[in-house]
Structures are given as C-alpha cells and as structure tokens.
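The following exercises are to be worked with the sequence and the three-dimensional structure at hand. Each task is followed by a solution in steps.

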Amino acid sequence: MPRIKIDRDKCCECYLCETTCSLQYSKNIVNPKRSRIVVFFNKPDADIINCDHCEDDPLCIKACLSDALASLAD
Ligand code: SF4
Ligand code: SF4
C-alpha cells in the first residue's frame, strides 16, 4: 500500500492537502475532517500515513505547495 510521509519542518500548516482530499472524495465538501490525510501536529509519531485511494498519483502531494509530502516506495 502506498505511504505518504509528512515532513513537519517544511509544513506551514495550510491544510491544503486535507482540503483537496475532502473536495475530491467527499462529494465536493470542504471539510478537513473528511480528509483521509490528517496532519497530526501534536503527534510526531504519525508522520506516515497509508492511503491507496489515489493509487499512484496522490492529490494531496500535488496540493502541497511546501513540498512537505512525499510518497514512499514500498
Ligand atoms: S499541504 Fe503541505 S504544508 Fe499544507 S498542511 Fe498539508 S503537508 Fe502541510
Ligand atoms: S492519497 Fe489521495 S485519498 Fe489519500 S490522503 Fe492523499 S489525496 Fe487523500
């Protein structure tokens, strides 16, 4: 399953990744609570998420203007 790593040193907490995911997969709803990616700023142990919903082309990575998200090879 694809994994996405969050680099918190680069993250500016804009939540564009969560907004984009919500828009795409929750019937055009802008609600980060509906996102599959959640930026847990208070949980440094949660820097990698597993998600295969976008298959090989994760929209959250494209949305991040800070280059804080990256796909990890299996
Ligand atoms: S889009 Fe990038 S910079 Fe913005 S919250 Fe998500 S990971 Fe952080
Ligand atoms: S890979 Fe796609 S479905 Fe998964 S968190 Fe990113 S935008 Fe959302």
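**Exercise 1. Place A70 in its surroundings.**

Task: Determine which residues A70 is in contact with, leaving aside its neighbours within four places in sequence.

Solution. The model is a predicted one.
- Step 1. With those neighbours set aside, the contacts of A70 are K5 and I61.
- Step 2. A70 belongs to strand β3, and in that strand A70 is the bridge partner of K5.
- Step 3. The pairing of β1 (residues 3-6) with β3 is antiparallel and runs over four bridges.
- Step 4. For comparison with a residue outside the contact list, take P58: 12 residues separate A70 and P58 in sequence, and their C-alpha atoms are 9.3 Å apart.

**Exercise 2. Classify A70 by burial.**

Task: Decide whether A70 is buried, exposed or partly exposed.

Solution.
- Step 1. Count the other C-beta atoms within 10 Å of A70: there are 14.
- Step 2. A buried residue needs 20 or more, and an exposed one has 12 or fewer.
- Step 3. The count of 14 therefore makes A70 partly exposed.

**Exercise 3. Describe the sheet.**

Task: State the strand order of the sheet and identify which strands stand at the edges.

Solution.
- Step 1. The three strands form an open sheet in the order β2-β1-β3, paired antiparallel.
- Step 2. β2 and β3 are at the edges because each has a single partner strand, so one side of each lacks a neighbour in the sheet.
- Step 3. From one strand to the next, the twist averages 30 degrees.

**Exercise 4. Analyse helix α1.**

Task: List the buried residues of α1 and find what they pack against.

Solution.
- Step 1. The buried residues of α1 (16-25) are C17, E18, T20, C21 and S22.
- Step 2. These buried residues pack against α2 and β3 (69-72).
- Step 3. After α1 comes K27, with a positive phi near 55 degrees.

**Exercise 5. Compare the two ligand shells.**

Task: Give the composition of the shell around each ligand.

Solution.
- Step 1. Ligand 1 has 14 residues around it, the closest being C11, C14, C17, C64 and S66.
- Step 2. That shell comprises 12 nonpolar residues, one polar and one charged.
- Step 3. Around ligand 2 lie C21, Y25, R36, I37, C51, H53, C54, P58, L59 and C60; by class, eight are nonpolar, one polar and one charged.
- Step 4. α1 and α2 (59-63) each contribute at least two residues to the shell of ligand 2.

**Exercise 6. Assess the confidence.**

Task: Find where in the chain the confidence is lowest and where it is highest.

Solution.
- Step 1. The average pLDDT of the chain is 83, and 86% of the residues score at least 70.
- Step 2. Strand β2 (residues 48-50) has the lowest confidence, with a mean of 79, and α2 the highest, at 93.

Technical notes:
Residues are numbered from 1 along each chain as its sequence is written. Chains are lettered from A and ligands numbered from 1 in the order in which they are written. This is a predicted model: local features need pLDDT of at least 70, side-chain atom pairs count only at pLDDT 80 or more; totals for chains, interfaces and linings use all residues. A residue is near a molecule or strand if its C-beta atom, placed from the backbone, lies within 6 Å of it. Ala, Val, Leu, Ile, Met, Phe, Trp, Tyr, Cys and Pro count as nonpolar, Asp, Glu, Lys and Arg as charged, and the others, Gly among them, as polar. Two residues are in contact if their C-beta atoms, placed from the backbone, lie within 7 Å. pLDDT is the predictor's confidence in each residue, from 0 to 100. Two strands pair if DSSP finds at least two bridges between them. Axes are lines fitted to C-alpha atoms, for helices over the stretch in contact, and angles run from 0 to 180 degrees between N-to-C directions.
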